[in-house]
Amino acid sequence: MDYEVVVVGGGIGGLTTAALLAGRGVKVCLFERQSRPGGCIANFEHLGYAFEPTAGLYSGWEPNGIYERIFAELPVAPPKVDLLSPSYVVRLPDRNEVAVSDNVDQFKETLGSVFPESSAAAVAFYRKLDQIHLATLDDSSASEPVAMLLNDCSLRFRRFIDVQLQTFTQSDSERCPLHRAAPALVTPRRGMWAIRGGAEALTDALAESLKASGGALRLNSPVLRLAYGSDGTPTGVDLLSGERVTATRAIVSNLTVWDTYGKLIGLGRTPASISKQLKQLHSWGAYLLFLSMDRAAAARLSSNRILALTDWQEQEDYSPDQAQFAFAAPPPWDPRAPDDKLAVTVSTLTEAEDWFAFHQDETAHEEQDQSTLKAVWARVHAAMPELGDSVEVIETATPRTFYENTRRKLGMVGRPLGTNNVANLGGGVCQTIFPNVFLIGDTSCGGFGLAGVVQAASALAAGLTSR
């Protein structure tokens with residue numbers, strides 16, 4: 001069967017691209033290997049709970065934001081959202097807390113009281129970030145690491161910045177360039193939202209829109225590789241079932257940058273220079289605790305969203321897998337759990353490679369899971385004693401869990417540093433080595449969070465519409 005555009009992968013980037021194209025009259029088909037769309041942001045459902053596999057912090061829902069603009073041209077309603085106030089709280093090892101919100105004066109006052117040793121430097125740091133976010137500084141300055149602006153700040157304030165950067169960019173102040181740090185640290189101070197039903201509600205709406213506009217959504221349909229013409233030009237995709245589907249205009253990969261080249265395009269057709277760069281790219285894995293919490297316990301929390309720093313790690317490099325976690329409890333109006341309970345997700349980072357040791361059997365994996373659970377559980381209770389016995393573990397998710405569900409390389413999540421070097425990123429949309437094959441997703445888009453991927457997908461859809 002022939003389509004104008006074929007999209008491989010039903011994550012947020014692929015769904016947004018396909019829904020917009022279908023709404024504009026483009027003949028498009030999206031292939032997803034799983035039985036439902038959503039990719040790595042699909043909820044984990046178990047025992048009557050629906051857990052989000054993320055920190056549950058979403059930007060872009062402000063008036064005239066990216067989601068309002070997108071859904072204005074789609075035939076479905078957007079999911080319901082609620083503004084978080086504050087966006088989140090950063091809890092420090094000394095039990096001090098910083099509420100990150102749009103209240104500028106209160107935020108400055110809190111910085112001064114929590115970090116008296118470098119209050120002026122802390123305020124100056126955020127002022128400079130605001131300037132970078134507004135693109136008032138030249139590109140050469142914005143490409144420097146965040147640490148360049150932290151020379152006059154205390155270690156305590158650096159770690160306050162590190163825990164946020166690792167949560168949102170998967171890199172610390174020594175490695176994260178200012179142009180990536182600026183949106184990650186500025187956007188939460190302008191508003192973050194919770195989505196009723198989690199991010200899966202967004203992917204469900206986009207899937208519904210795709211079908212309502214006449215597009216095709218084929219689930220349980222793994223794509224094996226690109227199909228090539230006699231001249232070596234990609235002409236479509238070959239499915240695992242043996243079916244070949246032609247794409248007359250473009251092929252969009254919503255796979256990771258590794259799988260787009262290694263599996264879809266093929267190692268034999270990938271230039272050696274790009275293969276070398278792909279091997280050097282690294283992204284963290286995620287280790288998640290899915291918890292049941294008594295709904296009454298939410299009243300004891302300073303916020304439904306807490307980024308906890310559990311160790312200052314003085315005299316050493318910052319190791320996020322040992323020093324932080326994100327605690328996300330849904331608002332009372334969206335419990336996603338049995339009566340009087342809330343579905344809570346605790347997110348931590350882990351070295352993905354460690355979960356794929358050679359000849360590791362299931363027993364060894366379970367032992368590693370239990371060992372990690374024990375360590376993280378102890379850190380959670382030490383940092384949040386107010387939880388008491390109101391929480392219990394329902395299930396865990398390891399990088400191997402993510403791999404089994406999404407086939408992402410080693411279960412890695414998020415965008416690795418250095419992705420810009422692999423291909424030419426234009427407006428956040430990754431052009432591959434072929435002019436009619438595009439890459440969209442969290443490993444290639446330069447924007448902030450889920451909204452950054454949606455923004456890039458919107459730009460890609462606009463380009464393909466006029467192609």
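# Exercises on a predicted model

Asp 340 lies in the loop between β15 and β16. The model is predicted. Work through each task with the structure open.

**Exercise 1. Is Asp 340 buried or exposed, and what is the sign of its phi?**

Step 1. Find the loop between β15 and β16, where Asp 340 sits.
Step 2. Take its relative accessible area, 57%. Exposed means over 50%. Asp 340 is therefore exposed.
Step 3. Check the backbone. Phi of Asp 340 is near 65°. That is a positive value in a residue other than glycine.

**Exercise 2. Describe Leu 47 by place, phi and accessibility.**

Step 1. Leu 47 belongs to the loop between β3 (44-46) and β4 (49-51).
Step 2. Its phi is near 55°, positive although the residue is not glycine.
Step 3. The relative accessibility of Leu 47 is 60%, so Leu 47 counts as exposed.

**Exercise 3. Which strands flank the loop of Pro 86, and what kind of peptide bond joins Ser 85 and Pro 86?**

Step 1. Pro 86 is placed in the loop between β5 (81-83) and β6.
Step 2. Look at omega between Ser 85 and Pro 86: about 0°.
Step 3. Name the bond. The peptide bond is cis.

**Exercise 4. What is the strand order of the open sheet of seven strands, and why do β7 and β17 each have one side without a neighbour?**

Step 1. Recall the rule. Strands of a sheet pair through backbone hydrogen bonds, either parallel or antiparallel.
Step 2. Read off the order: β7-β6-β14-β15-β16-β13-β17. The pairing is mixed.
Step 3. Go to the edges. There stand β7 (97-100) and β17 (391-397). Each has a single partner strand, so one side of each has no neighbour in the sheet.
Step 4. Add the twist. On average, neighbouring strands are turned by 20° against each other, direction ignored.
Step 5. Zoom in on one pair. Strands β15 (residues 324-328) and β16 (residues 341-350) run antiparallel and are joined by three bridges. Ala 328 stands opposite Thr 345 in β16.

**Exercise 5. Which strands does helix α12 touch, and which does helix α13 touch?**

Step 1. Start with α12 (residues 362-383). This helix packs on the sheet and touches β6 (88-91), β13 (285-294), β14 (305-309), β15, β16 and β17. Its direction makes about 55° with that of β13.
Step 2. Turn to α13 (residues 399-406). This helix also packs on the sheet, touching β13, β16 and β17. Its direction makes about 100° with that of β13.

**Exercise 6. Describe the packing of α1 and α8.**

Step 1. Choose the terms. Two packed helices are described by the angle between their axes and the distance between the axes.
Step 2. The axes of α1 and α8 come within 8 Å and cross at roughly 30°.
Step 3. Classify the angle. Angles under 35 degrees count as roughly parallel, so α1 is roughly parallel to α8. The crossing is left-handed.
Step 4. List contacts. Those from α1 include Ile 12, Leu 15 and Ala 19. Those from α8 include Leu 202, Leu 206 and Leu 210.

**Exercise 7. How many residues form the largest nonpolar core, and which helix gives the largest share?**

Step 1. The largest nonpolar core has 45 residues. Ile 12, Phe 71, Leu 202 and Leu 206 are among those that touch the most other members.
Step 2. Helix α14 gives the largest share, nine residues.
Step 3. Inspect Phe 71. Its contacts include Pro 78, Leu 202 and Leu 206.
Step 4. Find the second, separate core. This one has 44 residues, including Val 100 and Phe 157.

How values were computed
Residues numbered from 1 in each chain as written. Predicted model: local features only at pLDDT ≥ 70, side-chain atom pairs only at ≥ 80, totals over all residues. Heavy atoms only, no water. Core = buried A, V, L, I, M, F, W, Y, C linked by side-chain atoms within 4.5 Å. Buried < 20%, exposed > 50% of the residue type's maximum accessible area, 1.4 Å probe, protein only. Helix = DSSP H or I, 4+ residues; strand = E, 2+ residues; numbered from the N terminus. Contact = heavy atoms within 4.5 Å. Pairing = 2+ DSSP bridges. Axes fitted to C-alpha atoms, helices over the stretch in contact; angles between N-to-C directions. Parallel < 35°, antiparallel > 145°, perpendicular 65-115°, else oblique. Left-handed = near helix turned anticlockwise from the far one by under 90°. Lists of a residue's contacts leave out its neighbours within four places in sequence.
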